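Got a minute to get to know a new structure? Have a look around, then read on.

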Amino acid sequence: PSILPIAAGRLIELSQRDFGFNPTFVHVPSTLQRMLQPSMISIHHLNFVVLLASIRVWPGEQIHPCPNRFRDRRRQQPEWYRTVFALLNSSLARVSDILLGTAHMHRIEDARLIVDGSELYVTYNTFWGDNVFNLSAAGIKTPHFMAQLVPLHLQPTGEVYLRMRNVRPLRSRRNAAVFRYKGRWVELVRLLPTTVCALDSNRCFQWQVVPSAFLTQTVAYLHNSMHPLLLPELEGYLFVGHRHYRGGGASFSGSWSYTHIFMLLDYELRIRRFSNEVCFASCNGIEFLMGASRHPVDPSRLLFSFGVDDCSSAVFSTTIAQLDALMQHSETLKRVTKQRKAFFQVGWSQGDLGRLNAMS
């Protein structure tokens with residue numbers, strides 16, 4: 001079928017100065033909300049601040065024309081941009097920033113936020129900054145990580161900042177799919193056969209299934225886009241993957257274009273339903289989906305945040321009912337076996353982990 005923009009939903013363009021590119025949004029966890037209120041409620045009306053965003057901006061938050069011409073330069077000079085954690089109000093306006101207590105703040109790329117109860121986490125990579133981070137000397141074998149973000153008070157001012165703790169490696173080189181499953185942090189490392197690995201061990205589980213030819217063809221070239229989102233209304237986890245195409249629009253990287261496929265995984269992580277290939281606004285260029293969260297005012301709506309050509313940002317808002325209708329293809333997967341695997345081993349020693357956390 002033809003690749004078309006999603007018809008049901010609303011596109012919200014974001015300020016390039018405030019949001020840079022590749023943002024993710026999450027609801028502010030209660031621990032951070034309580035720490036911020038005493039010092040900020042009178043200044044920023046924090047009772048209306050409900051979202052926390054990770055965004056990538058340029059030094060001085062300059063505005064650059066699109067399409068972005070600076071990608072190759074940033075590969076050699078990762079200090080050309082930096083990651084910012086910002087507080088947003090319910091209108092998605094950026095009202096304040098939160099400091100990240102690490103000397104390597106500007107090395108964090110494509111930061112995706114996760115809220116688990118009252119705790120805040122982030123996954124990120126240092127794909128273009130390996131030489132600056134000196135990963136090899138520290139014994140680090142992959143540039144993709146997950147860390148807990150702990151809010152603390154900066155003395156003597158009392159200003160709140162975030163400190164990275166419990167940094168751990170991920171198996172995916174970038175764009176990992178990390179979520180809570182049956183009480184454990186896991187990483188979805190493969191769709192077919194569905195392979196899930198625990199983050200606290202080298203153990204993985206694999207579901208051997210018999211997929212349809214259509215599904216096999218659909219997922220053959222998919223790359224993960226965001227962390228799976230639990231949707232009890234649809235009785236499963238929402239997974240979104242993207243495909244790369246040459247010959248798209250006049251984007252910065254030689255006329256690439258990205259399309260997306262929405263999938264629903266049931267509670268046993270079997271693919272049950274999926275959409276056609278779609279885009280959000282333009283199918284001629286790179287729309288890089290970063291994450292999804294519920295609308296801060298209307299929980300029946302979802303916000304999908306994405307970057308455009310590594311230059312600007314937008315949000316696509318749709319209802320869960322509209323998303324349900326979008327995933328029009330059904331799949332009946334018979335599970336043949338469930339195997340415990342000891343592959344995709346990371347092989348990190350305690351010394352490696354100690355050096356990694358000392359750098360954060």
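Here are some questions and answers about this predicted model.

Q: What is the mean pLDDT of the chain?
A: Start with confidence, since this is a predicted model. Residues at 70 or more make up 72% of the chain. Averaged over the chain, pLDDT comes to 77.

Q: In which element is confidence lowest, and in which is it highest?
A: The top and bottom of the scale both fall in named elements here. Helix H4 (residues 130-133) is at the bottom, with a mean of 40. At the other end, with 96, sits strand E16 (residues 229-231).

Q: How many contacts beyond four places in sequence does the model have for residues 340-349?
A: Take this stretch with care, as pLDDT stays under 50 over residues 340-349. Where pLDDT is low, the predicted coordinates should not be read in detail. Residues 41-48 also stay under 50, and the model has 15 such contacts for them. For residues 340-349, the number is 34.

Q: Which residues of the largest nonpolar core touch the most other members?
A: This core has 23 residues. Among the elements that each supply at least two of them are helix H2 (30-44), strand E5 (82-89) and strand E9 (144-154). The ones that touch the most other members are Leu52, Tyr124 and Leu149.

Q: Which element gives the most to this core?
A: Several strands each put in at least two residues, including E6 (94-100), E7 (109-116) and E8 (119-125). The element that gives the most, with four residues, is E10.

Q: How many residues are in the other core, which lies apart from the largest one?
A: Its members include Ile6, Phe262, Phe316 and Leu323. In total, this other core has 22 residues.

Q: Is Pro23 buried or exposed?
A: Pro23 sits in strand E3 (residues 21-27). Beyond its sequence neighbours within four places, Pro23 is in contact with several residues, among them Leu14, Ile55, Met290 and Phe306. Its relative accessible area is 0%, and under 20% counts as buried, so the word for Pro23 is buried.

Q: What distance separates the C-alpha atoms of Pro23 and Thr83?
A: Along the chain, Pro23 and Thr83 are 60 residues apart. In space, their C-alpha atoms are separated by 9.5 Å.

Q: Which residue's side chain is joined to that of Asn175 by a polar contact of 3.1 Å?
A: Asn175 is in the loop between strand E10 (159-169) and strand E11 (178-181), and it is buried, with a relative accessible area of 12%. Not counting residues up to four places away, Asn175 touches Asp110, Arg112, His144, Asn224, His242 and Phe288. The polar contact of 3.1 Å joins its side chain to that of Arg112.

Q: Which residues are joined into one network by salt bridges that share partners?
A: Side chains of opposite charge can pair when their charged atoms come close. Arg270 pairs with Asp266, with the closest N and O atoms 3.1 Å apart, and Arg272 also meets Asp266, at 2.9 Å. The side chains of Asp324 and Arg273 meet in a salt bridge too, at 2.5 Å. As for the network, its members are Asp266, Glu268, Arg270 and Arg272.

Q: Is Asp266 buried or exposed?
A: One of its salt-bridge partners, Arg270, is buried at 15% relative accessible area. Another, Arg272, is partly exposed at 25%. The relative accessibility of Asp266 is 10%, which is under the 20% cut-off, so Asp266 counts as buried.

Q: How many residues apart are Asp324 and Arg273?
A: A salt bridge brings the side chains of Asp324 and Arg273 together. This pair links distant parts of the chain, with Asp324 in helix H6 (residues 320-326) and Arg273 in strand E19 (residues 271-274). The separation between them is 51 residues.

Q: Is the disulfide of Cys279 and Cys283 left-handed or right-handed?
A: The whole structure has two disulfides. One of them joins Cys197 to Cys204, with 105° about the S-S bond, and is right-handed. In the Cys279 and Cys283 link, the sulfurs are 1.9 Å apart. The torsion about its S-S bond is about -55°, so this disulfide is left-handed.

How values were computed. Residues numbered from 1 in each chain as written. Predicted model: local features only at pLDDT ≥ 70, side-chain atom pairs only at ≥ 80, totals over all residues. Heavy atoms only, no water. Buried < 20%, exposed > 50% of the residue type's maximum accessible area, 1.4 Å probe, protein only. Polar contact = N/O pair within 3.5 Å; in protein donor to acceptor, adjacent residues only side chain to side chain. Contact = heavy atoms within 4.5 Å. Salt bridge = Lys/Arg side-chain N within 4 Å of Asp/Glu carboxyl O. pLDDT = per-residue confidence, 0-100. Disulfide = S-S within 2.5 Å. Core = buried A, V, L, I, M, F, W, Y, C linked by side-chain atoms within 4.5 Å.
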